[in-house]
Amino acid sequence: MTRWPLIVIALAVSIVLAGCGAASDVRAPNRDATLLLDFRPNAVHTGIYMAVDRGFDTALGVTLRIRVPSSSSDAVKLLVARRTDFAILDINDLAIARERGRDLVGVMAIVQQPLASIIAQPSIRTPRDLEGKRVGVTGLPSDDVVLRSIVAGAGGDPTKVRKTMIGFGAVHSLLTRRVAGATAFWNAEGVVLKARRPGMRVFRVDDYGGPSYPELVLCVTRETLQDSPALVRATVAAISRGYEEVISDPENGVSSLLDATTGLKRKDVQRQLDAVSPSFTAGARAFGELDPARLRAWARWRWGKRRRIVTRELNVARAFDGRYVPPAGRD
C-alpha cells in the first residue's frame, strides 16, 4: 500500500483534534507509542493497521507500533508496568482488572457488539450438551463469564464442564477434536472453523441472555490519561479514521492487514471482515463511541446471578472515558 502524502492526511484529520471535547490542548504529542492487540492479528484489527498504513497516526504526531500478545494475559500486565501505552482488552477483562486494583480506563470501543461465543463440534446441539465434556479456554478471566453465561443460558450446569487450557489454539484444538468446544470469537475463529468444518456450532453470548455491549475496548492507565492527554486524543483520532476508511474501503483494509503481517490468507480475512464490519458501528452515533447506557446495561448483566466474577459492582463512570472519541459528522 502507498502511504498518503502527510500534508493531505493532516488536512483531512486536523479537524478531529479541534472537535474533540476531552480538553482544549490540541498540541501534537510528537512521540512513538505502542499498542498491544488482544489477540493474533485478524479482521477486527484492520482499522488499526489501516491507520498506520495510511499515516493517520504520524499526521497527528504519533508513530504507532503495533504489538501482538505472546500470551493471553499480557495486556493488563504490560499496561500496568508501562511497557505499552495502549492495549485492546476484552471489556470483561477490563472489569476484572479494575476489581483487582488496576486503574485502567477504556477510551474507545473497537466494536459495539459482543464477539464472545462457544464454538463446538457438530455433535454438540446445545451448550448444555457440554456438561461432562472438555471445553478449551484461553486463560483470560473473561472466559469464565462467557462459559457460564452460555451454558447456564441454555439450561445447563457450567460447573459440570471440564475446562482445558488451550491459549489461542481454538482452531487447532477443535479441528483435531482435542476438545468438544472452546471459548472463542465468532468473528475470527468461528469464521475460520465454519469454513473448514461447516457443521461447527457457534453459540454466541448474546443469544443466551447477554445484552449488546462493546466487546473490545482500547485501554490506557489513569496515569497516561492524566500525563499524556494529547497522546490519547491523537491515537484515538487516528484509529477512528482508520476504521472509517475500512468501512468505506474494506478491500484496502484487508490489504493493509496482510501487508503488515504474515501467515494470514486473504480469503479468511475477507470472510472475517464481512462478518464483523457491521459490529464496528452497530447502534453507535460514531465509530468508537462508549455509550453510558449500554455500558451500564452490560455492567448489570455481568454482575447478575450465575455470572458474577467480581466482588463488587463496577463504577462505569470511572472505568470508561469516551470524551476522546471524535464526534460523528466531523468532516
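This is a short tour of a predicted model, from the whole chain to one serine and then to the nonpolar cores.

**Whole chain.** Start with the protein chain in cartoon view and colour by secondary structure: there are 14 helices and ten strands. Switch to a surface, and the accessible area of the chain is about 13600 Å², with 48% of that belonging to carbon and sulfur atoms. The chain has 331 residues, and 58% of them count as buried. For a contact map, take pairs at least 6 apart in sequence; 82% of those contacts join residues at least 24 apart.

**Ser-256.** Next select residues 250–260, which form helix H11, and pick out Ser-256 within it. Is Ser-256 buried or exposed? Ser-256 has a relative accessible area of 2%, so it counts as buried. Add Asp-53 to the selection: the side chains of Ser-256 and Asp-53 make a polar contact at 2.8 Å.

**Largest nonpolar core.** Now show Leu-35, Val-107, Leu-218 and Phe-280 as sticks; these have the most contacts inside the largest nonpolar core, a set of 47 residues. Helix H10, residues 229–248, contributes nine residues to this core, the most of any element.

Centre on Leu-218. Beyond its neighbours within four places in sequence, Leu-218 is in contact with residues including Leu-35, Phe-86 and Ile-88. Its contacts also include Val-105, Val-107, Met-108 and Ile-110, and, among them too, Val-236 and Ile-239.

**Another core.** Last, select Ala-97, Val-151, Cys-219 and Leu-314, which are among the 39 residues of another core, lying apart from the largest one.

Key
Residues numbered from 1 in each chain as written. Predicted model: local features only at pLDDT ≥ 70, side-chain atom pairs only at ≥ 80, totals over all residues. Heavy atoms only, no water. Helix = DSSP H or I, 4+ residues; strand = E, 2+ residues; numbered from the N terminus. Buried < 20%, exposed > 50% of the residue type's maximum accessible area, 1.4 Å probe, protein only. Contact = heavy atoms within 4.5 Å. Areas by Shrake-Rupley, 256 points an atom, 1.4 Å probe, with all protein chains shown as cover. Polar contact = N/O pair within 3.5 Å; in protein donor to acceptor, adjacent residues only side chain to side chain. Core = buried A, V, L, I, M, F, W, Y, C linked by side-chain atoms within 4.5 Å.
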